[in-house]
Amino acid sequence: METGGAMLRPVLLLLLLLAAAAEASADNRTTVVFILAGQSNMGGRGGATRGGVWDGVVPPQCAPSPHILRLNPALRWEEAREPLHAGIDQGNVVGVGPGMSFAHAVLHAHAFFPPGTVVGLVPCAQGATAITDWQRGTRLYNRMLTRTRAALAQPINNKKLAALLWYQGEADTIRREDALAYTSRMETFVRDVRRDLAMPNLLVIQVGLATGQGKFIQPVREAQRAVKLPNVKYVDAKGLPVANDYTHLTTPAQVLLGKMLAKTYLTTL
């Protein structure tokens with residue numbers, strides 16, 4: 001029996017070492033965190049523009065993955081799945097947005113991220129909101145900061161806030177004065193977010209409007225392009241397929257937008 005026990009001890013030791021190595025590897029995984037903010041096209045209306053319900057169609061590019069997490073309404077990380085903004089974009093029927101296809105595209109960039117990398121998504125968008133609804137001190141601004149700080153405080157190792165993805169401006173196409181003020185308001189918003197998160201160089205990727213709720217779409221688009229702050233990138237959604245409501249991107253368009261956002265993000269690494 002003593003001989004058998006002696007033979008088992010090296011095996012048990014090896015198993016313990018392997019388990020410890022696996023645990024250490026998991027603990028050392030990189031989690032890159034992204035804020036998703038803005039209005040309905042960031043919240044996601046893909047497949048949710050008819051009949052007041054989401055059609056439930058999830059493209060393969062938006063499938064759940066154990067390597068993609070979302071911060072839920074209770075401020076806890078969970079495996080992400082469509083619709084990402086369920087319980088966040090309050091009072092609206094939500095569907096597919098750009099977040100999941102973005103996350104998958106980032107994870108496929110093996111040249112930049114090691115195996116085991118996790119993408120953490122922090123949904124914060126709210127439909128039908130103007131940029132003034134996001135100014136410092138407003139409910140939406142404070143909610144975004146609270147959710148972001150909670151995401152970074154969760155017990156996931158090696159977390160890094162990588163970028164703010166911003167798709168908003170449709171509500172600012174209704175009045176000319178709002179359209180013309182968009183550049184200064186956006187620059188103020190970015191400065192405030194960076195200051196309050198103590199990240200003066202936080203990457204911000206804004207989406208150029210594909211549609212709008214008013215007739216001043218082009219002035220807002222021009223105002224978006226006129227933002228001159230460092231480390232603010234621009235992705236143009238114009239020309240992507242729009243749903244029958246003439247306002248929201250279709251599911252395939254959201255998949256494409258997510259990939260476009262990922263491509264822009266990866267060029268900054």
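**Figure 1. Welcome to the whole protein, shown here as a predicted model.** Residues 24 or more positions apart account for 76% of the contacts in the protein with a separation of 6 or more. The protein has 269 residues, and 53% of them count as buried. Along the chain you can find 8 helices and 7 strands. The views that follow visit several places in this model, beginning with its core.

**Figure 2. A close-up of the largest nonpolar core, which has 75 residues.** Four names are good to look for here: Leu121, Met144, Phe189 and Tyr265 are the residues with the most contacts inside this core. Take Phe189 as a starting point. Setting aside residues up to four places away in sequence, Phe189 touches Trp134, Tyr141, Met144, Leu164 and Trp166. Met144 thus appears twice in this legend: among the residues with the most contacts inside the core, and as a partner of Phe189. As background, nonpolar side chains tend to be buried together in soluble globular proteins.

**Figure 3. Helix H7, residues 217-225, and its buried residues.** Look for Val220, Arg221, Ala223 and Gln224, the buried residues of this helix. Seen down the axis of H7, these residues fall within an arc of 160°, so they line one face of the helix. What lies over them? The cover of the buried residues of H7 includes two helices, H5 (176-180) and H6 (182-196), together with strands E6 (203-208) and E7 (232-236).

**Figure 4. His85, a residue in the loop between strand E3 (77-79) and helix H3 (99-107).** Is His85 buried or exposed? With a relative accessible area of 1%, His85 is buried. Leaving out neighbours within four places in sequence, the contacts of His85 are Leu36, Met42, Gly43, Arg70, Val94, Pro123, Cys124 and Ala125. One of these partners, Ala125, is 40 residues from His85 in sequence, while the two C-alpha atoms are 7.4 Å apart in space.

**Figure 5. The cavity that His85 helps to line.** The structure holds 1 cavity of 30 Å³ or more, and the volume of the largest cavity is about 30 Å³. Around this cavity you will find Leu36, Met42, Gly43, Glu82, Leu84, His85, Gly97, Pro98 and Gly99. By type, the lining divides into 4 nonpolar residues, 4 polar residues and 1 charged residue. Leu36, Met42 and Gly43 may look familiar, as they are also among the contacts of His85.

**Figure 6. A cis peptide bond between Glu82 and Pro83.** The bond from Glu82 to Pro83 has an omega near -5°. Pro83 sits in the loop between E3 and H3, where His85 is also placed. Glu82 is one of the residues that line the largest cavity.

**Figure 7. Ala198 and Asn231, each a residue other than glycine with a positive phi.** For Ala198, phi is near 55°; for Asn231, phi is near 65°. Where does each one sit along the chain? Ala198 lies in the loop between H6 and E6, and Asn231 is in the loop between H7 and E7. Ala198 counts as exposed because its relative accessibility is 64%, over the 50% cut-off. Asn231, at 30% relative accessibility, counts as partly exposed. The elements beside these loops appeared in Figure 3, where H6, E6 and E7 are among those covering the buried residues of H7.

Technical notes
Residues numbered from 1 in each chain as written. Predicted model: local features only at pLDDT ≥ 70, side-chain atom pairs only at ≥ 80, totals over all residues. Heavy atoms only, no water. Core = buried A, V, L, I, M, F, W, Y, C linked by side-chain atoms within 4.5 Å. Buried < 20%, exposed > 50% of the residue type's maximum accessible area, 1.4 Å probe, protein only. Contact = heavy atoms within 4.5 Å. 1 Å grid on protein atoms, 1.4 Å probe; cavity = no way out; pocket = protein on both sides within 12 Å on 5 of 7 lines; lining within 4 Å. Points joined across faces, edges and corners; volume = space filled by probe spheres on them. Nonpolar A, V, L, I, M, F, W, Y, C, P; charged D, E, K, R; others polar. Helix = DSSP H or I, 4+ residues; strand = E, 2+ residues; numbered from the N terminus. Arc of directions from axis to C-beta.
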